[in-house]
Amino acid sequence: MYLHSPSFGAMSTEPPSPESQRRRQCVAATAAASAACFAPVVVLLAVLVLAPSLLPRLLLRPHHAVPYIASAELRVLSFDAAATALAYNLSAVLRFDGGPPAPGLRSRRFTAIRAAPFYAGQELGAAVALPELAAQRRGGGATVPVAWAGVQRVAPGRGARAVASALARERARGFISVKVAVRAAQDGGEESDFACVLSFPVPHKRDGSGSGGATPGVFDGGSCADAVRREF
């Protein structure tokens, strides 16, 4: 026969004592106070870490110009899997727009300009050094042509597989994307890096095959964007 235990029922329904409630409230208040104290410290540490890289860009932002790809052509981009070699031939017209120059200057000056194309993480040859440019405020910007052609050896293994896979995938889609990394100093300031993504229709020979580049793929132009300084 089952016997009901009064003491068990009393223990299961008895509310927490006032002392226990006070302890819980104290613990919650302490945790909230600790979080409130540590939050400004975390923000301060983040500012100290990021300030050296962000402050110059923020100060120069009113006179910061981002380059523009006025036009580009892709004649050849083919991969020889046996030789793990990537053949390329492309050109572009790089433009820096005019605008309000830095104080004390009549026009925007762009120096130490370099540009290099990349495909599937592989740099296609060495960066090309370009001449200094001066863009007048009302002159519509300054342009400079740049071209790259050659054969880039790719390390066998993961790198070669990535190139072959990317090229096959993009040929099937009908468009090939090449990134052009640009570095330039503006108005005597420190150098800045930019990334320009160029999307080309797949080049075709006149007989319809997708190699040789007799009919180049044409990119109509587009803006570049600020990039992390690491490519060159």
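Okay, let's start with a word we'll need: a residue counts as buried if its relative accessible area is under 20%. Try that on Thr111, which has a relative accessible area of 17%, so Thr111 is buried. One caution before I go on: what you see above is a predicted model.

So, the overall picture. The protein has three helices and twelve strands. It runs to 232 residues, and buried ones make up 30% of them. The accessible surface is about 14000 Å², and carbon and sulfur atoms account for 60% of that. How about contacts along the chain? If you take contacts between residues at least 6 apart in sequence, 67% of them join residues at least 24 apart.

Now the inside. How many residues are in the largest nonpolar core? That core has 41 residues, and Ile69, Leu77 and Tyr119 are the ones with the most contacts inside it. Several elements give two or more residues to this core: the strands β1, β2, β3, β6, β7, β8 and β9, plus the helix α3. Which element gives the most? That's β2, with six residues.

Let's zoom in on Ile69. Skipping residues up to four places away in sequence, Ile69 touches Ala92, Val93 and Leu94, then Cys196 and Leu198, and also Phe219, Gly221, Gly222 and Cys224. Hang on to two names in that list, Cys196 and Cys224.

Here's the reason. The structure holds one disulfide, and it joins Cys196 to Cys224, with the sulfurs 2.0 Å apart. The two partners come from distant parts of the chain, 28 residues apart: Cys196 is in strand β9, while Cys224 is in the loop between β11 and β12. Is this disulfide right-handed or left-handed? The torsion about the S-S bond is about 100 degrees, so the disulfide is right-handed. And are the two cysteines buried or exposed? Cys196 has 1% relative accessibility, so Cys196 counts as buried. Cys224 comes in at 8%, so Cys224 counts as buried too.

Cys196 turns up again when we look at Val178. Val178 sits in strand β8, and with 2% relative accessibility it counts as buried. Who does Val178 touch, once you leave out residues up to four places away in sequence? The list is Leu77, Leu90, Pro117, Phe118, Tyr119, Cys196, Val197, Leu198 and Phe200. You may remember Leu77 and Tyr119 as two of the residues with the most contacts inside the core. Val178 also makes a nice example of sequence versus space: Val178 and Ser199 are 21 residues apart in sequence, but 6.5 Å apart in space, C-alpha to C-alpha.

While we're on aromatic rings, Phe118 has Lys179 lying over its face, at 5.5 Å from the ring centre. As for rings meeting rings, the count of aromatic pairs in the structure is two.

Next stop, strand β3. Let's walk along three residues there, beginning with Phe110, which is found in β3. Phe110 has a relative accessible area of 1%, so Phe110 is buried. Leaving aside neighbours within four places in sequence, Phe110 is in contact with Ala65, Phe96, Asp97, Glu132, Leu133, Ala135, Ala185 and Gln186.

Then we're back to Thr111, also placed in β3. With neighbours within four places left out, Thr111 is in contact with Glu132, Ala184 and Ala185. Glu132 and Ala185 were on the list for Phe110 as well.

And then Ala112, another residue found in β3. Is Ala112 buried or partly exposed? The relative accessible area is 41%, so Ala112 is partly exposed.

Ala112 brings up one last topic, backbone angles. Most residues other than glycine have a negative phi. Ala112 is not a glycine, yet it has a positive phi of about 50 degrees. Asp187 has a positive phi as well, about 55 degrees, and it isn't a glycine either. Where is Asp187? It's in the loop between β8 and β9. At 15% relative accessibility, Asp187 counts as buried. And Asp187 takes us back to β3: Phe110 and Asp187 are 77 residues apart in sequence, but 6.4 Å apart in space, C-alpha to C-alpha.

That's my tour. Thanks, everyone!

Terms used: Residues numbered from 1 in each chain as written. Predicted model: local features only at pLDDT ≥ 70, side-chain atom pairs only at ≥ 80, totals over all residues. Heavy atoms only, no water. Core = buried A, V, L, I, M, F, W, Y, C linked by side-chain atoms within 4.5 Å. Buried < 20%, exposed > 50% of the residue type's maximum accessible area, 1.4 Å probe, protein only. Helix = DSSP H or I, 4+ residues; strand = E, 2+ residues; numbered from the N terminus. Contact = heavy atoms within 4.5 Å. Areas by Shrake-Rupley, 256 points an atom, 1.4 Å probe, with all protein chains shown as cover. Phe/Tyr/Trp six-rings, centres within 6.5 Å; stacked < 30°, edge-to-face > 60°. Lys NZ or Arg CZ within 6 Å of the ring centre and 35° of its normal. Disulfide = S-S within 2.5 Å.
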